[in-house]
Amino acid sequence: MTAFARVTKSNLSEQIASSLEEMILSQKLKSGDKLPSEQQLADQFGSSRNMVREAMKTLKERGLVEVKNGSGVYITQPGAQTLGNVVNRLVTVGTASEYEVYEVRMALEVRSCGLAAQNATDADLRRLKELVSAMEDCYLDSGQWAKRDYEFHAALADSTGNSLFPEFIRPLLGTVHTISDTRPRSVKARLDGILQHKVIVDAVESRDARAARKAMATHLQHFLADLTCEKKEE
């Protein structure tokens, strides 16, 4: 059994969480490993079960553990949703503005689109075209269109050949779509978005990274202009 260092009386739950996090990050505890029971952890850390329970809540918020009812607590890998929760909290409490989210999205997606032009597979291109076609089919339904728009941009991130781009871009997309859900795009904006997506796909298929970056930058500038205009009209 893995040995856990005993903790002092001050801020016990945070110390337990930090100790476990350090062991996870150093690979002493690996993804899929099951943690000892609350009582066993409490005994090893020299704390109460309540403190262990609070520490588990902290680790769960950080995306480091998963609680399986009836089975126990398991080590897991942080995913896009974990980062998305952080970004959403920053926007909700006012630490980060909507515009700052858009700026970060612009920086990441323009670069990722260029990489997609270099690395996208035939299967990736088929998926992008399918999503554009699906957007054409549902452009009158703002909810379905927004869902396909998210999937299109996520698929582009998946096409970069870099595993970190999807992990950073997906949560930003989620935050952007949460914001834009309160201001649905107009039918004209949706139709314009479809045309812009086609330009992006054409550039990716042509393996023209420069044209792909330009097409994405133009698309996101139009997206921000549309949202800004719609916000003023509210």
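1. Arg127 is partly exposed, with a relative accessible area of 38%; that value lies between the 20% below which a residue counts as buried and the 50% above which a residue counts as exposed. The model under discussion is a predicted one. The side chain of Arg127 meets that of Glu151 in a salt bridge, with an N to O distance of 3.9 Å. This pair links distant parts of the chain, since Glu151 belongs to helix H7 and Arg127 to helix H6, 24 residues apart. The distance of 3.9 Å is accepted because the rule for a salt bridge asks for a nitrogen within 4 Å of a carboxyl oxygen.

2. A further link involves helix H6. Lys198 and Glu136 form a salt bridge in which the closest N and O atoms are 2.6 Å apart. This pair, too, links distant parts of the chain: Lys198 is in helix H9 and Glu136 in helix H6, with their positions 62 residues apart in the numbering. Lys198 has a relative accessibility of 32% and therefore counts as partly exposed; Glu136, at 34%, is likewise partly exposed. Elsewhere, salt bridges with shared partners join Glu38, Arg49 and Arg53 into one network. The count of salt bridges in the model comes to 10. As background, side chains of opposite charge can pair when their charged atoms come close.

3. Helix H3 (residues 49–61) provides a local pair. Lys57 and Glu54 both lie in this helix, 3 residues apart, which is about one turn of the helix. They form a salt bridge, and the closest N and O atoms are 3.5 Å apart. Lys57 is partly exposed at a relative accessible area of 47%, and Glu54 is partly exposed at 36%.

4. Glu54 also appears among the contacts of a serine. Ser13 lies in helix H1 (residues 12–25) and, leaving aside neighbours within four places in sequence, is in contact with Met51, Glu54 and Ala55. Is Ser13 buried or exposed? Ser13 has a relative accessible area of 15% and is therefore buried, the limit for that class being 20%.

5. The nonpolar interior merits attention. The largest nonpolar core has 26 residues, and those with the most contacts inside it are Cys113, Phe152, Leu156, Ile200, Val204 and Met216. Two or more residues of this core come from each of helix H5 (98–119), helix H6 (122–137), helix H7 (142–158), H9 and helix H10 (209–233). H10 gives the most, with 6 residues. Another core, of 18 residues, lies apart from this one; Ile16, Leu20, Leu35 and Phe45 are among its members. As for Cys113, its contacts beyond four places in sequence are Leu156, Ile200, Val204, Ala212 and Met216.

6. Helix H5 also holds Ser112. This serine has a relative accessible area of 1% and is therefore buried. Not counting residues up to four places away in sequence, Ser112 touches Thr160, Phe165 and Ile169. Phe165 and Ile169 are themselves among the buried residues of H8.

7. The dimensions of helix H8 (residues 164–180) can be checked. At 1.5 Å a residue, its 17 residues should span 24 Å, and its end C-alpha atoms are 25 Å apart, so the two values agree. The expected figure is 24 Å because the rise is multiplied by one less than the number of residues. Beyond those already mentioned, the buried residues of H8 include Pro166, Pro171, Leu172, Leu173, Thr175, Val176 and Ile179.

8. His177 is placed in helix H8. It is buried, with a relative accessible area of 11%. Which residues does His177 contact, leaving aside its neighbours within four places in sequence? They are Ala146, Asp149 and Tyr150. The C-alpha atoms of His177 and Lys147 are separated by 8.7 Å, although the two residues are 30 residues apart along the chain.

9. One surface feature should be recorded. Leu140, Val187 and Leu191 form a nonpolar patch on the surface, with about 260 Å² of accessible area together. Leu191 is located in helix H9 (residues 187–205). With a relative accessibility of 37%, Leu191 counts as partly exposed; it can therefore belong to a patch, for which over 30% is required.

Methods. Residues are numbered from 1 along each chain as its sequence is written. This is a predicted model: local features need pLDDT of at least 70, side-chain atom pairs count only at pLDDT 80 or more; totals for chains, interfaces and linings use all residues. Side-chain values use heavy atoms; hydrogens and water are left out. Helices (H or I, at least four residues) and strands (E, at least two) are DSSP runs, numbered from the N terminus. Buried means under 20% relative accessible area, exposed over 50%, partly exposed in between (1.4 Å probe, protein chains only). Contact means heavy atoms within 4.5 Å. Patches are made of residues with over 30% relative accessible area and no salt bridge: like charges are joined within 9 Å, nonpolar side chains (Val, Leu, Ile, Met, Phe, Trp, Tyr) within 5 Å. Accessible areas come from the Shrake-Rupley method with a 1.4 Å probe; for residues, only the protein chains shown count as cover. A nonpolar core is a set of buried Ala, Val, Leu, Ile, Met, Phe, Trp, Tyr and Cys residues joined through side-chain atoms within 4.5 Å.
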